[in-house]
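Here's a quick tour of a protein model, written for someone who would rather be at the bench. Have a look at the structure first, then read on.

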Amino acid sequence: MCRYQILSDFSQGKRLQEIVAEGRSRTQSTMTSAGHSVAVNRALSYGSVSAEISEVISGIPFLRLVTELDDAFEEKKDELVNKLQRLGKIIFRKENLMVDFVGTADGYEKLAESVGDFAESLYTGEAERGCYLPVVSRKNEGYMTSGQVQYVCRAGNFRRKGLPYTGALRILKVMMGYEYLWTNVRVKGGAYGCMCGFGKSGESYFVSYRDPNLGKTIDIYEKAAENIAKFEADERTMTQYIIGAISDLDVPMNPSAVGLFSLSAYMTGLTQEVLQKERDEMLSATAEDVRGLAEYIRAFMSEEFLCVVGNTEKIKAETDLFMHTENLF
């Protein structure tokens with residue numbers, strides 16, 4: 001007899017309702033404390049299929065779904081149970097099983113035997129086939145809350161303008177966080193924080209954290225490329241930026257983090273050769289290379305993806321910036 005039982009009993013309505021309510025509460029709590037993440041993920045989803053899928057799984061669309069289910073659980077329970085049962089048979093299948101292991105050779109031998117037994121307990125019958133490919137588009141949204149501060153994000157993708165990823169962008173991230181964005185958004189603007197990111201996929205963003213401003217912060221983002229195009233630094237200053245960027249790339253990892261990193265690398269095709277190329281580009285970067293990154297900022301900013309999570313009055317006062325506004329909760 002198989003030692004594994006993978007089929008959840010979705011007919012337990014009370015427990016299922018508790019899980020839905022917990023999902024709603026947890027998502028609201030996370031979004032309340034991390035409005036900058038909400039704004040970044042939402043803004044990136046305007047032009048990225050992967051970001052849009054992430055939104056559906058754990059972002060604002062997910063919040064809307066669990067809220068609807070929680071408010072009308074008895075009416076929607078049967079439909080929910082039916083869909084969960086269908087999804088279980090599609091997802092939990094032997095051909096979909098993937099195991100990422102960090103440990104000793106002896107541990108691996110024991111794992112291999114257990115995994116084999118577990119795999120035999122997965123669904124093997126006919127499964128529904130299909131493909132989910134969302135259509136993305138610029139929405140430029142303002143999500144209103146009862147808070148007094150804003151989380152202001154501008155995002156886009158520089159690869160769509162034909163620009164390749166370079167390790168020097170990690171140096172730009174450090175510089176922006178300690179110089180231009182910090183000085184203008186944090187020190188002069190009064191925000192609690194400011195962040196930026198430049199991904200290998202080209203997905204990039206500027207975002208402020210607990211920001212008293214809205215339009216003023218967007219103006220600062222708009223002038224970032226012009227500022228970087230004039231960048232000057234001596235060898236000592238460049239070395240400091242490079243050290244900061246390298247320390248962010250090569251961080252000590254415990255076994256759990258090693259496993260997560262290896263799985264992510266496997267899924268995305270990231271190799272040691274790619275990582276070394278990125279290191280080399282960082283270590284050899286010059287002030288001239290940094291000035292050239294102004295084009296990357298212009299590229300992603302030109303897509304004009306904007307998402308703001310913040311004070312109702314502030315958003316309503318600048319509705320011309322948005323294509324759509326609504327309450328977050």
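What follows goes from the whole chain down to a few single residues.

## The whole chain

Keep in mind that this is a predicted model. The protein chain is built with 16 helices and six strands. Lay it along its principal axes and the C-alpha atoms fill a box of roughly 70 × 55 × 30 Å. Of its 329 residues, 40% count as buried.

How much of the contact network links residues 24 or more positions apart? Looking at contacts with a separation of 6 or more, residues 24 or more positions apart account for 81%.

## Surface and charge

The accessible surface of the protein chain adds up to about 18,900 Å², and carbon and sulfur atoms hold 53% of that. As for charge, there are 38 positive and 46 negative side chains. The centres of those two sets lie 3 Å apart.

## Arg-154, a buried charge

Is Arg-154 buried or exposed? Arg-154 counts as buried because its relative accessibility is 5%, and the cut-off for buried is under 20%. You'll find Arg-154 in strand S2, which covers residues 150–157.

Which side chain does Arg-154 pair up with in a polar contact? That would be Glu-222, with the two side chains joined at 2.7 Å. Leaving out residues up to four places away in sequence, Arg-154 also touches a good list of others, including Tyr-205, Phe-206, Ile-218 and Tyr-221. Further along the sequence, its contacts include Phe-300, Met-301, Glu-304, Phe-305 and Leu-306.

## The cysteines

If you're wondering about disulfides, a search of the whole structure finds zero. Cys-194, for one, is in no disulfide: the nearest cysteine sulfur belongs to Cys-196 and sits 8.2 Å away. For a disulfide, the two sulfur atoms would have to be within 2.5 Å.

Cys-194 is buried, since its relative accessible area is 11%. Cys-131 is another story: it counts as exposed because its relative accessibility is 73%, and exposed means over 50%.

## Leu-122, buried in a loop

Leu-122 belongs to the loop between helix H6 (105–120) and strand S1 (141–145). Despite being in a loop, Leu-122 counts as buried, at 8% relative accessibility.

How far is Leu-122 from Pro-164? Their C-alpha atoms are separated by 42 Å, and the two are 42 residues apart along the chain.

Terms used: Residues are numbered from 1 along each chain as its sequence is written. This is a predicted model: local features need pLDDT of at least 70, side-chain atom pairs count only at pLDDT 80 or more; totals for chains, interfaces and linings use all residues. Side-chain values use heavy atoms; hydrogens and water are left out. Helices (H or I, at least four residues) and strands (E, at least two) are DSSP runs, numbered from the N terminus. Buried means under 20% relative accessible area, exposed over 50%, partly exposed in between (1.4 Å probe, protein chains only). A polar contact is a pair of N or O atoms within 3.5 Å; within protein, one must be able to donate a hydrogen and the other to accept it, and residues adjacent in sequence count only if both atoms are side-chain atoms. Contact means heavy atoms within 4.5 Å. Accessible areas come from the Shrake-Rupley method with a 1.4 Å probe; for residues, only the protein chains shown count as cover. Lys and Arg count as positive and Asp and Glu as negative; His and the chain ends are not counted. The place of a charge is taken as NZ of Lys, CZ of Arg, CG of Asp or CD of Glu.
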